[in-house]
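Please open the model in your viewer, set it to a cartoon display, and keep the selection tool at hand. The tour below moves from one selection to the next and says what can be found at each stop.

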Amino acid sequence: MDLATDTAPPASPPPARRAAAVERGGGPVVRALLAGIGAYLPQTVVTNDELAQRLETSDAWIRERTGIGARHIAQAHETCAFMATRAAAAALADAGATAADVDAIILATATPDEAFPATALRVQAALGAHGFGFDLSAACSGFVYALSVADALVRVGQARGVLVIGSEVYSRILDWRDRGTCVLFGDGAGAVFLRAGTGEGTGRDRGILSTHLHADGRLGDILYVDGAVGRPDRPGHLKMQGKEVFRHAVLRLAEAVDEALAANGLDRSAVDWLVPHQANLRIIEGIRKRLDLPVERVVRTIERHANTSAASIPLALAEAHADGRLRPGQLVLLEALGGGLTWGSALVRL
Ligand code: UT7
């Protein structure tokens, strides 16, 4: 990938002091540049029509209400760690990087393999990487949250190469008898590799320009899993008050995109790509119209992937990158809302 090829100067003096010196001295600001993107999707695809054979639902209802046509479903070997490792390896290869370039791994997931160790560290071992890593739980907002934490690590000089992964196997926490939820989700993983850099020579700021995170724990009961890893008696199923979540999503995501643009002094016309969390086509359309973007400027995967929670944004980025839509210098707006409730945005210059 040639989206971000430059790197910051070597880490001397020690990283934390160097970052502070950069801020004080007014020199180029070190940012997290998007250096590589990768993805993994399970091979098994389940269409709406197949679901309609075992549930009281129809392709027409699912498409009309959500925009979903099919979803990938993990087989037994396709665990969170398995898919995350493949997506991460693809992101590293895309960046022309190796495991030796990874200082930190942040894995956003609501479906880790085990309570501990963190699935991020299963990925670290599989890749042969070092440094540190941890899982992050923010449901469907997980990738935006993880991107924000990674950005902070890079800005303060604590890490120079960070893998940010979203990997989910929601098929294992769905009640397959509940047509109100089980038709909505799919499995998969996406990853980006962030590299510390300044964007020098390109004439403009590049990398993660801003992230904004929000949460309201009082709304925890409108979208949650009624169990936990480590509770074999209660492995847990996803429960959702769909209409309520929908209402909050439309309101909060509209605020989130306005907030991201205002914080950067940018007009909505500056946005080249909207890469939203893929929960419902009607929600995505609402935000698109608010930004006054043509349909072809929105990366949409929901028709084929359904809602893959924390994996949906990096999966969409990977698709748009693979088919050549993403180009250096373009401005990409990411937004997501999920259980918690959690929501947020990230603005990235490629
Ligand atoms: O990623 C995290 C964030 N999640 C979201 O953003 C999801 C937000 N919510 C939504 O996307 C929508 O609320 C849903 C797609 C989940 C549901 O759409 P809705 O327009 O809010 O439908 P509803 O839940 O009000 O259900 C309408 C009707 C009901 O029947 P009655 O009571 O009107 O007779 C449901 O029982 O549709 C029925 N229904 C279904 N019918 C066929 C619910 N699920 C299905 C189904 N097939 N799969």
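In which sense do strand β8 (residues 207-215) and β13 pair, and over how many bridges? Select the two strands together in this predicted model, and you will find that they pair in the antiparallel sense over 8 bridges. To see one of these bridges, pick A215, whose bridge partner in β13 is T342.

**First stop: the sheet around β13**

Keep β13 selected and add strand β12 (residues 331-338), which runs antiparallel to β13 and is joined to it by 8 bridges. Within this pair, A336 stands opposite G344 of β13. Between the two strands of the hairpin there are 3 residues, and G340 takes a positive phi near 145°.

Now colour β13 (residues 342-349) by burial: 8 of its 8 residues are buried. In a regular strand the side chains alternate between the two faces of the sheet. In β13 both faces are covered, with T342, G344, A346 and V348 buried on one side and W343, S345, L347 and R349 buried on the other.

Extend the selection to β11, which runs parallel to β12 and is joined to it by 4 bridges; here W273 has V332 of β12 as its bridge partner. The 4 strands now selected form an open sheet with mixed pairing, in the order β8-β13-β12-β11. Because β8 and β11 (273-276) stand at the edges and have a single partner strand each, one side of each is left without a neighbour in the sheet. If direction is ignored, neighbouring strands of this sheet are turned by 15° against each other on average. Packed on the sheet is α9, which touches β11 and β12 and whose direction makes about 155° with that of β11.

**Second stop: the helix pair**

From α9 (residues 281-291), move on to helix α8 (residues 242-263): the axes of these two helices come within 10 Å and cross at roughly 35°, and the crossing is right-handed. To display the contact, show the side chains of F246, A249, V250, L253, A254, V257, D258 and L261 on α8, together with R282, I283, I287, R290 and L291 on α9. Sorted by class, the residues in this contact are 10 nonpolar, no polar and 3 charged.

**Third stop: the five-stranded sheet**

Next, select β1, β7, β6, β4 and β5, which in that order make up an open sheet of 5 strands with mixed pairing. Here β1 and β5 are the edge strands, and since each has a single partner strand, one side of each is left without a neighbour in the sheet. From one strand to the next, the twist averages 15°. Inside the sheet, β6 and strand β7 (residues 187-197) run antiparallel and are joined by 9 bridges, and G161 can be found opposite R195 of β7. Add α4, which packs on the sheet, touching β1, β4, β6 and β7, with a direction that makes about 125° with that of β1. Helix α11 (residues 312-322) should be added as well, as it lies across β1, β6 and β7 and runs at about 90° to β1.

**Fourth stop: G38**

Zoom in on G38, which lies in strand β1 (residues 31-40). Is G38 buried or exposed? G38 counts as buried, because its relative accessible area is 4%, under the cut-off of 20%. Setting aside residues up to four places away in sequence, G38 touches A87, A90, A91, G190, A191 and A318. Although G38 and L315 are 277 residues apart along the chain, their C-alpha atoms are separated by 7.7 Å.

**Fifth stop: helix α5**

Finally, select helix α5 (residues 119-127), whose buried residues are T119, A120, V123, Q124 and L127. Looking down the axis of α5, you will see these residues within an arc of 155°, so they line one face of the helix. They pack against α4 (80-95), β4 (104-108), β5 (132-136) and β6 (161-169). The exposed residues A125 and A126 are on the face of α5 turned away from its buried side. Following α5 is G128, which has a positive phi, near 75°.

**Stepping back**

Show the whole chain again, with its 11 helices and 13 strands. Of its 350 residues, 55% are buried, and among contacts between residues at least 6 apart in sequence, 76% join residues at least 24 apart.

Notes. Residues are numbered from 1 along each chain as its sequence is written. This is a predicted model: local features need pLDDT of at least 70, side-chain atom pairs count only at pLDDT 80 or more; totals for chains, interfaces and linings use all residues. Side-chain values use heavy atoms; hydrogens and water are left out. Buried means under 20% relative accessible area, exposed over 50%, partly exposed in between (1.4 Å probe, protein chains only). Contact means heavy atoms within 4.5 Å. The arc is that of the directions from the helix axis to the C-beta atoms. Two strands pair if DSSP finds at least two bridges between them. Axes are lines fitted to C-alpha atoms, for helices over the stretch in contact, and angles run from 0 to 180 degrees between N-to-C directions. A crossing is left-handed if the near helix is turned anticlockwise from the far one by less than a right angle, and right-handed if clockwise. Ala, Val, Leu, Ile, Met, Phe, Trp, Tyr, Cys and Pro count as nonpolar, Asp, Glu, Lys and Arg as charged, and the others, Gly among them, as polar.
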